[in-house]
Every structure is written in C-alpha cells, then in structure tokens.
Amino acid sequence: MTTATLEKPNAASTPANVQPLNATRPVASKAKTVLVGFDLGTNKSCVLAGAPGTTDIAISKVIPSAVGYVKDGIVDGIIAGNAKTLFGEEALRNMLHVRLVAPLASGVIAEADAARDLLQHVRTLVDPSGHAEIRAVVGIPANAGLQAREDIRRCAFGIFDRVLLIPEPFLAALGVRDDGRIGQPNYLDPVVNSLFIDIGGGTSDLCLVQGGFPTPEDQISIPFAGDAIDEILHQELDRTYPNNGLSRHKVREIKETYGYVGPSRKPVEVKVIMGGKAHTIELGDALANAGNVLIDRIYPSLTKLIQRAPSDSILALLQNIIVTGGGSQIRGIDAVLQKKLTDDGFEAPKVKLAGQEFKRYVAIGALKAARAARENQWQVLLG
Amino acid sequence: MIHPHPSQFPAQPITWSEIARLCRRVCLLRECGQPAEAEHVRQGALQDALTALISAGTDADFVAHQLETIFAAEAERVANAAVLAELLRPMLGTLATGFNASPVEVGTAHATSATPFAATPAVARVEPSRRAPGDIASFIDDMLAQEHTPPANRRVS
C-alpha cells in the first residue's frame, strides 16, 4: 500500500452532500483535538499529550516498546482481564505467557502489525473515548529514509488523524530548550548553536542545530547504540562466564545499572542468579569494553559535524555539546568525550548531559512542535 | 452577429490533465522553495477542481487514488527537471557570456532579436534561515521544504 499526504479539504469548500476524500475518520464530527508528542523508540517510547491552546500535559508516559501476544492455552485469570495483547511493562512482566515482539529495530519499524498495535494502544491512552482528533508529532531517527517514514505513516493510518515526522535530535533540542530563558543574554539556547548526541536503543543520532532546521548534512545517524552495547556485553559475559543463562533483558539491566566508559574500573561486582543460585561476578572489563565501543563509534561523527559548522560558530558550539537519550546515563560519557576533544586540540570543549528528563526530551520537543505547527503543516494520511 | 457573453458559455468540465497541471504547479512551487504558495494552490485551485470532479459524479475514493498517483508522477517529473536545470546551468551560463546580440533593422524581413540569450533561472536552493528563536512553525516550514527539494539542491554545510 502506498501512502501519500494531502491536506484535507476545508470543510467549507466541500459540498455538504459530498464525502470527504479520506473519510475514515471525519474531522468535522470530532468534539475535541488532542495533540501528541511521541518519541517512538526502539526500546522505550515516550508519549506526552495535551489539549491545543494550553501548556498542560494531560498524559506523560514512558512505555517499553514491547508488544506481547498472549500464547494459546493460557488459563483464564493468569493475564489481567484475560487480555489477548499486552503492551509495555505489562508485556514484559508476563513475558513467560506471551510472544514478545519488538515493533522497532535500529529506530525504524521492523514489525508492522506490532507497531500498529502499539500505536493503537497509545491512541487509547491519550483518548480513551476514541472520539477525539489526534494530531501527533512523531520523532524519527536523523536522516530516516523515505521507506522508514512511509512505514510510520502506514502504521499510523486510521489511528492518528494527522502526523508530522520530525528528526529526534532536533526534537531533543526543542525539548531541552528552556522556553522561559529564550533571548536572555547568558542563556546558551540549544536551538541557536548546539550539537546534540541522542543515544537511544537502536541508533545514536548526532545533529547540528544552528538556528535553522538541520539539513541532512547536519545530521548523522549511527546504527549503534544501547542494543549493540547489550550484545557486546552479552558476548563478553558468555566468554567469561559460559552457560550463564542470563537473558538479554537481564544484561540490559546490568548495563543500565553499572555501565560506564573510559578506563577499566575494577572490581565491578554484580550479583546475578544463575540456575537458581546467587553468584557474584566481576564485570569491570566487560562493561568498559562494551561502553568504549560506543565512544569509538560516536567520536568520529562528533568531530565531523563540529568541522562542518561555520568556522565563526565553532567556539560557541564547542561549549554546547549535549548528550541525551538513555545513553546519557552511561557513567563518564560526558567526561570521556570532552577529554577526547581536548586531547585532539579542540578549544575548551564542554560536553554536558541533558538532565534527568532524558527519557522525555524528544517527546517534550515533539509536543512543543505539535502546539506550534500551523494548520497547513499537518499531514493527513491517505489509505 | 451576436457574440455570447462569456458567462453564457457552459463551464468547461474539469479534466484529469488540468488536475495534473495543478499538481505539477504545486510540486514546482515546492521545488522553488515556496511552500506557502504551493499550499495556496493546493488548498485553492486544486481543491476546487477535485470538488468539482466529485460533484460531477466521479467516485471520491477513485479521485483520491488518482490524485495520489498523479502527485507521485508530477513530483518525480519536477524533481528530474530540477536536476536537469542544475546540470545545464553552468553550460547555459557559458553560452550567455559568449553570445553576441544581432543588430535589429526596422523593416528587415528577417529581423533577429536583440535580446541576449537568457540562462535558465537556477532552481532555488533551500537554505536554512536564521529566525526568531521561538518560531518553531518556521522550522517546520524549512523541514517540509527540504523534504521536497532534491539532494543536489540542498546546502552542503
């Protein structure tokens, strides 16, 4: 199925006895509009929703990007409400009883049916009545291709009434930006001159943001991020502790709790359950090896983008390098990147972490974009 | 002889070639970095034409499907033309500097034009523009304009 976007005909210009062109969800009959900022992540998604014309956030949820289809033969009452499909935390909690599907891989849709189910779940979250018009700004990886964009539109057809697809690092810049300080003399507005490094589960996206919407040349997307670190760590574990039996989910938990970059720190002792018995394993080298591969992958792209910036802007840019996304929680990532830049001769670089709201900045930026978008910028989905 | 007033002529039926022409116009305006004008045509003349088609009895779903197909074809045509213009621009510029206008004599049967050969106007490059920090809608305009500009015309930063 091909998709296209077309502005819906103005209700006033459509004769009353004529069906609108895409009549799946007639806009005129909807009582209210809900604006959605949606960070559709490989491992975690974040949804913010609110009404137009306000700054209130009615819905704010971080949902693991997981869909669980309940297996046949599960006894009634095992699954709450005897639901057939579970989402997010509930799917993960019941992973023994469901077929767990990850709708996304490397930041783009990999399982279309599961992605559609997840989007429908999101729609139900933000509009339980099912009667509102939903306008969603959806974050996409930097330089996402036409196919990736079309896949999102296809999954969103019939679920969201209007969409806008915007690259995630730019949305992160909007989200990190303190709107109350725009224009203040001492405020380093991230939208005016910054370099964002958004490290997610599937991709690490770097983006120059310098007062205008970034061009494709201002953005680099690296298909190496949290999931890849999990894979390396898992291989290290299997090599050091054969037959450990640890799941990928458990390895990710270890990474999120103990992960770091830089010189190896030992000992890093982690208590795990293997075969029902508690073991304490030492993971200092394994964690360092896995994390430092990320640095090796990101750093060349970081310097490439710095050198693409106009020369007069670089000194200020070097003061505003911001790491966000789940990867910003890797201990030492800001210090290691800053030291590498300093050692390579860059003038007084400053690498900062976005902050505690790292899970929400893309969605915050997306909701800001939804509130600011003009009527003719929204894209209506045609089947 | 009585010449009928223009208003007495029956309205010309909307044809698919007219729809295609309007779609091409929208694509061309986007290509030239004029998204606002493109939307004006899209929501104005094109929408009126589509409404007229449906009012005349053409199935709405069929119209939507045809529109999608036509837009895709016209977008590709305009994009190809833009690339060709970009390729030809340097050559046409060279021709323009070497062309000598012929003198015009009044009353000459085979007068030649004195107008020097004009190079084809370059396709507008999409440049991200600096603007008021809070203007998110203008950022979105830039993004949408970039989406409709072939890679050859985008700024290499």
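A crossing of two helices is right-handed if the near helix is turned clockwise from the far one by less than a right angle. Keep that in mind for the main helix pair here. One caution before we start: this is a predicted model.

First, the overall picture. Chain A has ten helices and 19 strands. Of its 383 residues, 54% are buried. Now take the contacts in chain A with a separation of 6 or more: 66% of them join residues 24 or more positions apart.

On to the helix pair. Helix α7 of chain A covers residues 284–308, and helix α9 of chain A covers residues 333–343. They pack at an angle of about 55°, with their axes 11 Å apart. Angles of 65 to 115 degrees would count as roughly perpendicular, and those under 35 as roughly parallel. α7(A) and α9(A) are therefore oblique to each other. The crossing of α7(A) past α9(A) is right-handed.

Which residues in α7(A) meet α9(A)? They are Leu294(A), Ile295(A), Tyr299(A), Leu302(A), Thr303(A) and Ile306(A). On the α9(A) side, the partners are Ile333(A), Val336(A), Leu337(A), Lys340(A) and Leu341(A). By class, the residues of this contact are nine nonpolar, one polar and one charged.

Next, the cores. The largest nonpolar core has 49 residues. Those with the most contacts inside it include Leu302(A) and Ile306(A), along with Ile333(A) and Leu337(A). You have just heard those names in the helix contact. Leu195(A), Ile197(A) and Ile321(A) complete that list. Which helix gives the most to this core? It is α7(A), with eleven residues.

Look at Leu195(A) for a moment. Leaving out residues up to four places away in sequence, Leu195(A) touches ten that I will read by region. There are Leu206(A), Cys207(A) and Leu208(A). Then come Leu302(A), Leu305(A) and Ile306(A). Last are Leu317(A), Asn320(A), Ile321(A) and Ile322(A).

A second, separate core has 36 residues, among them Phe38(A), Leu40(A), Ile59(A) and Leu381(A).

Finally, some backbone details. The peptide bond from Lys266(A) to Pro267(A) is cis, with omega near -5°. Pro267(A) lies in the loop between α6 and β15 of chain A.

Two asparagines have positive phi. Asn82(A) has phi near 50° and sits in the loop between β5 and β6 of chain A. Asn243(A) has phi of about 60° and sits in the loop between α5 and α6 of chain A. Buried or exposed? Asn82(A) is partly exposed, at 36% relative accessible area. Asn243(A), at 78%, counts as exposed.

Conventions
Residues numbered from 1 in each chain as written. Chains lettered and ligands numbered in written order. Predicted model: local features only at pLDDT ≥ 70, side-chain atom pairs only at ≥ 80, totals over all residues. Heavy atoms only, no water. Axes fitted to C-alpha atoms, helices over the stretch in contact; angles between N-to-C directions. Helix = DSSP H or I, 4+ residues; strand = E, 2+ residues; numbered from the N terminus. Parallel < 35°, antiparallel > 145°, perpendicular 65-115°, else oblique. Contact = heavy atoms within 4.5 Å. Nonpolar A, V, L, I, M, F, W, Y, C, P; charged D, E, K, R; others polar. Core = buried A, V, L, I, M, F, W, Y, C linked by side-chain atoms within 4.5 Å. Buried < 20%, exposed > 50% of the residue type's maximum accessible area, 1.4 Å probe, protein only.
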